[in-house]
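Visitor: I'd like to learn how to read a fold from its coordinates. Could you walk me through one?

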Amino acid sequence: MDRQMGSSTRIERGVTIVDVVGQIDLGSSPILRKTLLESLNGTKSVAINLSAVKYIDSSGIASLLEVLKEARNSNKRFVLFGVSGAVLQVLQLTHLTGVFEICETEEQALIA
């Protein structure tokens, strides 16, 4: 299994979607943070596809929270989708499932 994190960005129906793969940890979270903050530019809504992320640590969660805060400060929608397994478990253990807008599917995330 590839442990390195990677991401790609695309636009669907006016929503910027960031597809993330691999593991989000101390080494990769600064890159993800930068990518997500840049994705907020020029859009009103950003959806993060975490379906191919099998691990996230506290630095990754902190990066997501920082981007969420920036999105809220700039009145933009920030949605997570495809969250499952260990990533969902971390969000549940940290009581953050109610903080983030989380959708099961991309289609749900695209609905404003």
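**Strands, helices and what they cover**

Guide: Let's begin with β2, which is mostly covered: nine of its ten residues are buried. Keep in mind that this is a predicted model.

Visitor: Which way do β1 and β2 run, and how many bridges join them?

Guide: They run antiparallel, and seven bridges join them. One pair you can look up is S8 with its partner D19 in β2. The two strands make a hairpin with two residues between them.

Visitor: What is the phi of R13?

Guide: Near 50°, which is a positive value in a residue other than glycine. R13 sits in the loop between β1 and β2. Its relative accessibility is 58%, so R13 counts as exposed. You'll find another positive phi at N75, near 55°, and N75 isn't a glycine either. That residue is in the loop between α2 and β4, and it counts as exposed because its relative accessibility is 72%.

Visitor: Back to the strands. How do β2 and β3 run, parallel or antiparallel?

Guide: Parallel, with eight bridges joining them. I24 has I56 as its bridge partner in β3. Between β2 and β3 the chain passes through α1, and this β-α-β crossover is right-handed.

Visitor: How do I read the sides of a helix?

Guide: Start with the general idea: an α-helix has 3.6 residues a turn, so residues three or four places apart point the same way. Now the case here. In α1, residues 29-39, the buried ones are S29, L32, T35, L36 and S39. They all lie on the same side of the helix because they cover an arc of only 125° around its axis.

Visitor: Which exposed residues are on the face of α1 turned away from the buried side?

Guide: That face carries I31 and K34.

Visitor: And what do the buried residues of α1 pack against?

Guide: Five elements: β1 (6-12), β2 (15-24), β3, α2 and β4 (77-81).

Visitor: What about the nonpolar residues? How should I think about a core?

Guide: In soluble globular proteins, nonpolar side chains tend to be buried together. In this model the largest nonpolar core has 24 residues, and V20, I48, L50, F78 and L80 touch the most other members. At least two residues of this core come from each of β2, α1, β3, α2, β4 and α3 (85-93). Apart from it lies another core, of eight residues, including V15, I17, A47 and V79.

Visitor: Take I48 as an example. Which residues is I48 in contact with, leaving aside its neighbours within four places in sequence?

Guide: The list is V18, V20, L36, F78, V79, L80 and F81.

Visitor: What about S51: where is it found?

Guide: S51 is in strand β3. With a relative accessibility of 38%, S51 counts as partly exposed; the class runs from the 20% limit for buried to the 50% limit for exposed. Setting aside neighbours within four places in sequence, S51 is in contact with F81 and G82. For a sense of how sequence and space differ, S51 and L80 are 29 residues apart in sequence and 9.6 Å apart in space, C-alpha to C-alpha.

Visitor: Can loops be read in this way too? Where does L40 lie?

Guide: L40 is in the loop between α1 and β3. Its relative accessible area is 4%, so L40 is buried. Not counting residues up to four places away in sequence, L40 touches V46, V67, E70, A71 and K76. Here's another pair to try: L40 and R77 are 37 residues apart in sequence, with 9.1 Å between their C-alpha atoms.

Visitor: One last loop residue, D57. Is it buried or exposed?

Guide: Buried, because its relative accessible area is 15% and the cut-off is under 20%. D57 lies in the loop between β3 (45-56) and α2 (58-73). Beyond four places in sequence, D57 touches I24, D25 and L26.

Visitor: Which side chain does the side chain of D57 join through a polar contact?

Guide: That of S59, at 2.6 Å. As you turn the model, recall that I24 is also the bridge partner of I56 in β3, and that D57 touches I24.

How values were computed: Residues are numbered from 1 along each chain as its sequence is written. This is a predicted model: local features need pLDDT of at least 70, side-chain atom pairs count only at pLDDT 80 or more; totals for chains, interfaces and linings use all residues. Side-chain values use heavy atoms; hydrogens and water are left out. Helices (H or I, at least four residues) and strands (E, at least two) are DSSP runs, numbered from the N terminus. Buried means under 20% relative accessible area, exposed over 50%, partly exposed in between (1.4 Å probe, protein chains only). A polar contact is a pair of N or O atoms within 3.5 Å; within protein, one must be able to donate a hydrogen and the other to accept it, and residues adjacent in sequence count only if both atoms are side-chain atoms. Contact means heavy atoms within 4.5 Å. The arc is that of the directions from the helix axis to the C-beta atoms. Two strands pair if DSSP finds at least two bridges between them. A crossover is right-handed if, with the strands pointing away from the viewer, the path from the first strand over the helix to the second runs clockwise. A nonpolar core is a set of buried Ala, Val, Leu, Ile, Met, Phe, Trp, Tyr and Cys residues joined through side-chain atoms within 4.5 Å.
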